[in-house]
Amino acid sequence: MINVNIYRYNPETDQFPYMQAYSIERPKKDIMLLELLNILKEQDSSISYRRSCREGVCGSDGMNINGKNGLACITPISKAIQKDKIDLRPLPGLPVIRDLVVDMTEFYAQYDKIKPFLQNDSAPPAIERLQSPEDRAKLDGFYECILCACCSTSCPSFWWNPDKFVGPAALLQAYRFIADSRDTKTLERLDDLSDPFSVYRCHGIMNCVSACPKDLNPNHAIGEIKSMLLSNKRNIIASDGAS
Amino acid sequence: METYNSNNIQTLEFDALIIGGGGSGMRTSLELAKSGLKTAVVSKVFPTRSHTVSAQGGITCAIGSADPDDDWRWHMYDTVKGSDYIGDQDAIEYMCSEGPKAVFELEHMGLPFSRFENGRIYQRPFGGQSKDYGKGGQAARTCAAADRTGHALLHTLYQNNIKEGSNFLNEWFAVELVLNKSKEVTGVIAFSIESGEVAYLKAQATVMATGGAGRIYSSTTNALINTGDGLGMALRAGFPAQDMEMWQFHPTGIYGAGSLVTEGCRGEGGYLINAEGERFMERYAPNAKDLAGRDVVARSMVLEILEGRGCGEHKDHVLLKLDHLGTDVLNAKLPGICELSKTFAGIDPVYEPIPVVPTCHYMMGGTPTNIHGQAFTQYNGVDEIIPGLFSVGEAACVSVHGANRLGGNSLLDLVVFGRAAGLHIQEALKSGGGVSDSDSDDIDQALRSLNALNHSESGFEVAEVKRELQAVMQNYFGVFRRGDYMEKGVAELNTIRDKISNLHLKDKSAAFNTSRVEALELRNLFEVAEATAIASLKRTESRGAHARDDFKERDDENWLCHSLYNPTNKELSKRGVNFEPKQVETFEPQIRTY
């Protein structure tokens with residue numbers, strides 16, 4: 001048997017959240033946690049969680065699994081289980097809507113803030129803009145983000161200042177555009193991040209790196225942004241303001 | 001629970017409403033965002049969770065990068081042939097000739113395409129592609145961002161919608177179309193999944209961009225959300241569906257898990273082997289081999305398995321061999337596949353072949369539309385536009401895929417026809433086109449099914465009925481079909497219909513009640529499944545993806561046509577295929593070999 005403890009909260013009926021224990025026979029095959037949740041939902045249809053692609057590319061089912069953020073659809077039971085027990089909680093640091101579903105408004109707002117779209121001052125050519133394979137390779141490790149929020153919601157700095165610290169996910173995206181040879185707004189992008197909070201609230205805790213289910217490295221992106229800011233003289237004063 | 005009626009729900013009014021936030025919906029909304037019209041994208045998931053994200057191999061288009069002499073007419077020839085000649089040639093011509101513009105636009109928006117040494121977009125070979133109208137050998141026409149093209153495309157579109165300030169109603173679920181007395185579509189009944197709040201979303205133009213419905217089968221590459229919601233709503237409203245017997249089974253779904261393994265694997269040089277280690281596609285398609293049309297490859301795989309040359313303990317799959325490509329190619333060109341194989345098959349393609357099996361992948365049929373996305377129905381055999389209703393992408397049948405879609409053509413379909421629908425709606429609404437209002441009776445009528453579900457005290461379990469439905473489709477309407485089995489399937493669906501109208505919603509809560517969504521999705525799945533079953537039974541020939549053991553040959557005399565399923569009387573009629581492209585000569589039907 002496996003004991004699955006699920007964080008439960010229904011705003012219409014519960015004053016406080018609680019952990020509900022479910023007991024289920026361990027499947028013979030090593031299935032993914034999302035499949036386990038689907039089986040449990042057949043027994044108790046009131047359990048609420050997001051899911052879509054069930055193969056780790058859409059980023060819907062980020063949750064806290066035995067204390068660590070991850071995607072339920074690509075986490076096998078064998079990896080999650082500790083002492084025959086699995087605790088499932090919503091992603092930390094964001095308001096809970098219901099059960100394992102969090103309100104991601106603040107997370108998305110930070111994404112919007114970094115202007116996550118290509119900006120280029122010149123008129124586009126009749127065909128594609130050319131980019132060398134070497135320049136294109138600079139986007140590898142950054143463009144693949146699925147916006148699951150596993151990184152930002154594992155970051156103490158984001159918990160503390162979700163409105164002012166851009167957070168690892170959106171900073172990864174900020175760098176994806178800074179690094180793009182086709183984008184001409186590098187300086188403006190850096191300027192936008194030069195205040196004491198946006199990027200400098202990152203203290204290199206590295207939870208983001210260990211949480212990312214796609215093996216991306218937001219800390220690397222943040223490091224690149226910081227060194228670009230520091231090599232950019234007019235931003236040195238701004239960075240001094242950060243503690 | 002409260003009974004909803006036109007007086008106690010709010011009305012939100014828009015010029016245009018787009019149901020679905022995947023590739024086609026967001027391409028439509030992007031066009032409309034620039035127009036100044038009041039638009040909303042209604043998506044049951046946050047847009048980047050849509051199934052476009054799972055597309056891997058690329059977007060097929062003659063941009064002349066891999067081969068400067070490439071020609072959209074060659075792409076058109078391949079697509080017509082791939083469709084087994086029931087793709088509409090005016091629509092295919094439009095898609096292939098407008099395609100390069102649409103792909104360059106995506107690149108200008110920032111899509112991180114992979115590149116050739118000269119800096120142009122990387123293109124790889126895909127199935128069914130040729131140069132010089134089939135005479136010049138294999139073409140390489142599929143533009144790729146590694147093997148994550150769908151992800152890159154969907155995120156790029158979302159990013160540009162942010163840039164243009166598009167209005168999104170995220171995590172809202174559309175339940176039913178609202179129709180006025182003249183059967184014009186005036187919007188939808190929808191609710192916020194987060195709060196449960198129900199509203200009448202009123203619009204002059206309602207665009208169904210709701211994607212496919214692969215979840216009618218128990219084994220599918222499709223996301224859990226692919227439940228044919230738009231098509232289900234249209235069928236319930238009495239509007240027809242076209243070519244519903246045409247379902248693509250992708251040759252390479254991961255055995256057991258169903259996840260897609262891109263055709264790009266074979267494009268990069270991978271090939272299929274049976275239990276004897278034989279590269280069996282050489283026997284079935286001597287020229288194109290593993291890059292024959294998907295229907296051809298899927299059938300060959302099933303035949304290998306049926307003839308006892310399947311792999312594994314149960315001899316029920318074949319293997320996709322990639323290890324000979326080397327670590328560098330696999331890491332650079334197919335990194336996502338390596339990741340998926342490790343997660344879902346427990347194998348590393350660098351060392352071992354991937355166990356694969358044909359898996360339901362794509363719905364070639366859908367709501368019939370013209371190239372502007374306008375949906376139509378037929379009265380006495382004559383096409384008649386449905387005022388207010390549009391459909392784009394996989395939900396629509398325009399029809400560029402006919403009886404079999406070529407790999408990489410779905411992403412092109414999304415952006416070309418998403419854009420076309422957006423352009424048309426702008427023009428139409430600015431020149432005063434629109435629909436008359438629905439009255440309170442019409443709105444109450446559209447609220448009925450939601451009220452009935454909300455008040456259900458007993459009835460059938462959603463999960464059980466869904467499993468039953470999927471088993472019927474899997475068993476009787478798979479890669480190979482037979483009249484007697486299909487009749488059995490249709491009969492079983494009849495008993496399932498009673499259960500569908502008596503589903504039990506145990507949890508009546510308002511906030512993020514996913515069991516309510518799942519119950520409503522099942523109703524849509526059922527409509528799509530029934531249309532599929534009846535169309536499959538009644539098309540008495542084999543063409544493209546529709547392969548019948550009891551009618552093995554293509555029958556051009558009787559069936560060189562679309563099928564049109566009428567949900568009101570459950571009859572199937574025939575509709576002419578367009579053979580009149582504007583810029584090129586008609587491609588006449590020929591025997592289809594690879």
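Which residue stands opposite B:Thr60 in β5(B)? Keep that question in mind for the second stop of this tour, which runs through a predicted model.

**Stop 1: the contact between chains A and B**

Colour by chain and select the residues of each chain that touch the other. The selection should hold 61 residues from chain B and 58 residues from chain A. Together the two chains bury about 4800 Å², with 50% of this area on carbon and sulfur atoms. On the chain B side, show B:Arg49, B:His108 and B:Leu224 as sticks; these residues lose the most area to chain A, and together they make up 15% of what that side buries.

Next, look at the polar part of the contact. Between chain B and chain A there are eight salt bridges. For one of them, select A:Arg50 and B:Glu171, whose closest N and O atoms lie 2.6 Å apart. Across the interface, 39 residue pairs are in polar contact, with both residues at pLDDT 80 or more.

Now show the helices of chain B. The side of chain B that touches chain A draws at least two residues from each of α3 (89-109), α4 (149-164), α10 (335-344), α13 (462-476) and α15 (514-538). Helix α4(B) gives the largest share of that side, six residues. Sorted by type, the residues of this side of chain B are 25 nonpolar, 20 polar and 16 charged.

**Stop 2: the three-stranded sheet of chain B**

Select residues 59-60, 123-124 and 142-143 of chain B, which are β3 and β4 and β5. These strands form an open sheet in the order β3-β5-β4, with antiparallel pairing. Strands β3 and β4 of chain B are the edges, each pairing on one side only. Between β3(B) and β5(B) there are two bridges, and the two strands run antiparallel. Show B:Thr60 and look across to β5(B): the residue opposite is B:Thr142.

**Stop 3: the four-stranded sheet of chain B**

Move to the open sheet of chain B with the strand order β11-β14-β13-β12, where the pairing is again antiparallel. Its edge strands are β11 (247-254) and β12 (271-273), each paired on one side only. Neighbouring strands in this sheet are turned against each other by 50 degrees on average, direction ignored.

For a detail, select β11(B) and β14(B) (residues 354-363), which pair in the antiparallel sense over six bridges. Within this pairing, B:Phe249 has B:Cys360 of β14(B) as its bridge partner. Then add helix α8(B), residues 294-306, which packs on the sheet and touches β11, β12, β13 (318-321) and β14 of chain B. The direction of α8(B) makes about 60 degrees with that of β11(B).

**Stop 4: two backbone details in chain B**

Most residues other than glycine have a negative phi, and most peptide bonds are trans. Two places in chain B depart from this pattern.

Select B:Lys289, which is not a glycine but has a positive phi of about 50 degrees. B:Lys289 sits in the loop between α7 (281-284) and α8 of chain B.

Then go to B:Val398 and B:Ser399, which are joined by a cis peptide bond with omega of about -10 degrees. B:Ser399 belongs to the loop between β18 (396-397) and α11 (409-430) of chain B.

**Stop 5: a salt bridge within chain B**

The whole structure has 66 salt bridges over all chains. One to display is the pair B:Glu105 and B:Arg27, with 2.7 Å from N to O. This pair links distant parts of the chain: B:Glu105 is in helix α3 and B:Arg27 in helix α1 (residues 23-33), 78 residues apart.

**Stop 6: strand pairing in chain A**

Finish in chain A by selecting β1 (residues 2-8) and β5 (residues 85-89), which pair in the parallel sense over four bridges. A:Ile6 has A:Leu88 of β5(A) as its bridge partner. Then add β3(A), residues 62-65, which is joined to β5(A) by two bridges and runs antiparallel to that strand. Here A:Asn64 is partnered with A:Arg89 of β5(A).

How values were computed
Residues numbered from 1 in each chain as written. Chains lettered and ligands numbered in written order. Predicted model: local features only at pLDDT ≥ 70, side-chain atom pairs only at ≥ 80, totals over all residues. Heavy atoms only, no water. Contact = heavy atoms within 4.5 Å. Buried area = accessible area lost by both parts, 1.4 Å probe. Salt bridge = Lys/Arg side-chain N within 4 Å of Asp/Glu carboxyl O. Polar contact = N/O pair within 3.5 Å; in protein donor to acceptor, adjacent residues only side chain to side chain. Nonpolar A, V, L, I, M, F, W, Y, C, P; charged D, E, K, R; others polar. Pairing = 2+ DSSP bridges. Axes fitted to C-alpha atoms, helices over the stretch in contact; angles between N-to-C directions.
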